[in-house]
Amino acid sequence: MTAVRERGEKNREKRMSLGAHLIELRKRLFISAIAIVVGAVGGWVLTDLFVWDAIQEPVHRVAEATGKQAEIVFPTIGSAFDLRLQIAFTIGIVLSSPVWLYQIFAFLVPGLNTRERKFTLAFFASAIPLFLLGCAAGWFVLPNIVKVMTSFVPDTSPAWLTAKEYVDFVLKLVLAIGVAFVVPVFIVLLNYAGIFSAAAILKAWRVAILVIILFTAIATPSADVVSMFLLAIPMILLYFVAWFLAFLHDRRVAKRNAAEFGAAV
């Protein structure tokens with residue numbers, strides 16, 4: 001019975017072929033796409049209920065605080081419909097995040113052994129709130145960004161913001177920061193899969209901080225340094241949290257290997 005169990009364990013943990021990986025990837029992508037489309041339908045409804053009002057709120061707040069004319073304008077006949085689709089699709093990505101994040105983790109799980117697969121649920125459970133927290137962080141700094149950028153408009157001139165450019169900026173900011181907040185979870189997962197060691201993660205801390213600073217600088221306007229650092233600081237902290245979790249895992253694996261090697265000797 002022991003030999004049968006060991007063979008079954010090996011069969012469950014054996015690596016998939018390239019063709020099987022591609023089939024698995026296609027299945028995961030299809031499920032994710034269906035979930036996003038369903039979420040986008042809900043996003044279409046939510047846009048009318050409160051989302052569009054929330055997107056406009058920072059612009060209206062600037063107008064009230066400064067007394068300037070500040071409005072979002074639609075310069076073409078089809079821009080309102082196009083933007084509604086774009087907003088609905090983005091909301092669909094956010095609403096369906098539990099589904100597509102799970103599909104990503106499920107695709108990576110075969111790279112882990114049976115013991116480490118038990119931690120996948122914890123990774124998945126932490127990825128969802130981190131993604132939503134990142135989206136919330138992007139939304140939190142948005143009013144400050146709008147205030148800073150519209151402050152360069154002369155007092156005698158109205159601030160007419162083109163709807164497409166404004167909405168593009170808002171949605172990309174929210175999604176980019178949301179995805180960036182999930183990256184540390186994947187760093188830990190790759191450590192559990194044996195791709196990254198804790199030592200390698202720590203060794204790359206200077207490069208990581210530089211990349212984070214550059215990313216936040218690109219995601220926020222160059223004139224808004226405050227928002228850049230408000231986003232960069234939690235991302236840097238999350239990177240070191242990922243290193244610490246990887247360090248604990250590597251130390252546990254080293255102790256287990258030492259104990260098994262000692263027992264074998």
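The following questions and answers introduce a predicted model of a protein.

Residues are numbered from 1 along each chain as its sequence is written. In this predicted model, local features need pLDDT of at least 70, side-chain atom pairs count only at pLDDT 80 or more, totals for chains, interfaces and linings use all residues, and side-chain values use heavy atoms, with hydrogens and water left out.

Q: What pattern does the protein follow along the sequence?
A: Helices (H or I, at least four residues) and strands (E, at least two) are DSSP runs, numbered from the N terminus. The protein has ten helices and two strands. Read along the sequence, their pattern is α-α-β-α-α-α-α-β-α-α-α-α.

Q: Is Ser-32 buried or exposed?
A: Ser-32 lies in helix H2, residues 18-66. A residue is buried under 20% relative accessible area, exposed over 50% and partly exposed in between, using a 1.4 Å probe and protein chains only. The relative accessible area of Ser-32 is 10%, so this residue is buried.

Q: Which residues is Ser-32 in contact with, leaving aside its neighbours within four places in sequence?
A: Contact means heavy atoms within 4.5 Å. With those neighbours left aside, the partners of Ser-32 are Trp-100 and Gln-103.

Q: How is helix H3 oriented relative to H7?
A: Axes are lines fitted to C-alpha atoms, for helices over the stretch in contact, and angles run from 0 to 180 degrees between N-to-C directions. Helix H3 (residues 79-95) and helix H7 (residues 163-192) pack at an angle of about 5 degrees, with axes 11 Å apart. Angles under 35 degrees count as roughly parallel, over 145 as roughly antiparallel, 65 to 115 as roughly perpendicular and the rest as oblique. H3 is therefore, with respect to H7, roughly parallel.

Q: How many bridges join S1 to strand S2?
A: Two strands pair if DSSP finds at least two bridges between them. Strand S2 covers residues 159-162 and runs parallel to S1. Ala-70 stands opposite Ala-159 in S2. The number of bridges joining S1 to S2 is four.

Q: Which helix gives the most to the largest nonpolar core?
A: A nonpolar core is a set of buried Ala, Val, Leu, Ile, Met, Phe, Trp, Tyr and Cys residues joined through side-chain atoms within 4.5 Å. The largest one has 58 residues, of which Ile-87, Leu-101, Tyr-166 and Leu-173 touch the most other members. With 17 residues, the helix that gives the most to this core is H7.
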